[in-house]
Amino acid sequence: AGPRAGPMRTLQAQQAAFATLQEFLPMVLRGESVEFPKVLRVMFERLGATYIKLGQFIASSPTLFPKEYVVEFQKCLDQTESLPWTTIKKVIEEELGPIS
């Protein structure tokens, strides 16, 4: 947090949007079918943990969201990118203190 968090998060969001656009725009320009739920899921994954949690909520709420979104966002439950232990340990230690 702090005064730099807002601008930094805005930059991260712009980078995620740009990367997603770079991935899917060529398909659209070639006339290929692009499913919006997939585009949105990829964008959520690039935006990080908070958005992945939102995606998991979508996946777990079939009565609130269209089926194609629920099915696509189930990948947030099953297929999220793994992290190295050093990354996980760092977060735990920052939040809770040193672990042995």
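**A colleague's note on a six-helix model**

1. Let's start with overall shape. A compact globule of 100 residues would have a radius of gyration near 13 Å, but this protein comes out at 16 Å. Keep in mind as you read on that this is a predicted model. If you lay the C-alpha trace along its principal axes, it spans about 50 × 30 × 25 Å.

2. What is the chain built from? The secondary structure amounts to six helices and zero strands. Walking along the sequence, you meet the pattern α-α-α-α-α-α. Three of the helices come up again below: α1 covers residues 5–29, α2 covers residues 36–47, and α3 covers residues 49–59.

3. Now for inside and outside. Of the 100 residues in the protein, 22% are buried. The accessible surface comes to about 7,600 Å², and carbon and sulfur atoms hold 60% of that. As for contacts with a separation of 6 or more, 39% of them are between residues 24 or more positions apart.

4. Next, the charges. You can count 11 positive and 11 negative side chains here, and the centres of the two sets lie 3 Å apart. Side chains of opposite charge can pair when their charged atoms come close. How many salt bridges does the structure hold? The tally is six.

5. One of these pairs is Arg30 with Glu32, where the closest N and O atoms are 2.7 Å apart. How open are the two partners? Arg30 is exposed, at a relative accessible area of 55%. Glu32 is partly exposed, with a value of 38%. For a first look at a salt bridge in the viewer, try Arg30 and Glu32.

6. Another pair to look up is Glu72 and Arg41, whose side chains meet in a salt bridge at 2.4 Å, N to O. This pair links distant parts of the chain: Glu72 sits in helix α4 (residues 67–73) and Arg41 in helix α2, 31 residues apart. Are these two buried or exposed? Glu72 has a relative accessible area of 8%, so it counts as buried, the cut-off being under 20%. Arg41 is buried as well, and its relative accessible area is 8%.

7. Glu72 has another partner to look at. It also forms a salt bridge with Lys75, with the closest N and O atoms 3.4 Å apart. Lys75 is partly exposed, at 29% relative accessible area, whereas Glu72 is buried. Put the pieces together and you get a network of salt bridges linking Arg41, Glu45, Glu72 and Lys75. It's a good idea to show those four side chains together while you read this point.

8. Over to helix α1, where you will find Arg9. Arg9 is partly exposed, with a relative accessible area of 33%. Which residues does Arg9 touch, if you don't count those up to four places away in sequence? They are Leu47 and Tyr51. Compare that with Glu32, which is 23 residues from Arg9 along the chain: the C-alpha atoms of Arg9 and Glu32 are separated by 32 Å.

9. Met27 belongs to helix α1 too. Its relative accessible area is 22%, so it counts as partly exposed, since buried means under 20%. Leaving aside neighbours within four places in sequence, Met27 is in contact with Glu32 and Val34. That brings back Glu32, the salt-bridge partner of Arg30. Glu95 is another story: Met27 and Glu95 are 68 residues apart in sequence, and 42 Å apart in space, C-alpha to C-alpha.

10. Last stop, Ile52 in helix α3. Ile52 has a relative accessible area of 18%, so it is buried under the 20% cut-off. Try putting it on screen with Arg41, which is buried at 8%. Ile52 and Arg41 are 11 residues apart along the chain, and their C-alpha atoms are separated by 8.2 Å.

Notes:
Residues are numbered from 1 along each chain as its sequence is written. This is a predicted model: local features need pLDDT of at least 70, side-chain atom pairs count only at pLDDT 80 or more; totals for chains, interfaces and linings use all residues. Side-chain values use heavy atoms; hydrogens and water are left out. Helices (H or I, at least four residues) and strands (E, at least two) are DSSP runs, numbered from the N terminus. The radius of gyration is taken over C-alpha atoms; the globule rule is 2.2 Å times the number of residues to the power 0.38. Buried means under 20% relative accessible area, exposed over 50%, partly exposed in between (1.4 Å probe, protein chains only). Contact means heavy atoms within 4.5 Å. Accessible areas come from the Shrake-Rupley method with a 1.4 Å probe; for residues, only the protein chains shown count as cover. Lys and Arg count as positive and Asp and Glu as negative; His and the chain ends are not counted. The place of a charge is taken as NZ of Lys, CZ of Arg, CG of Asp or CD of Glu.
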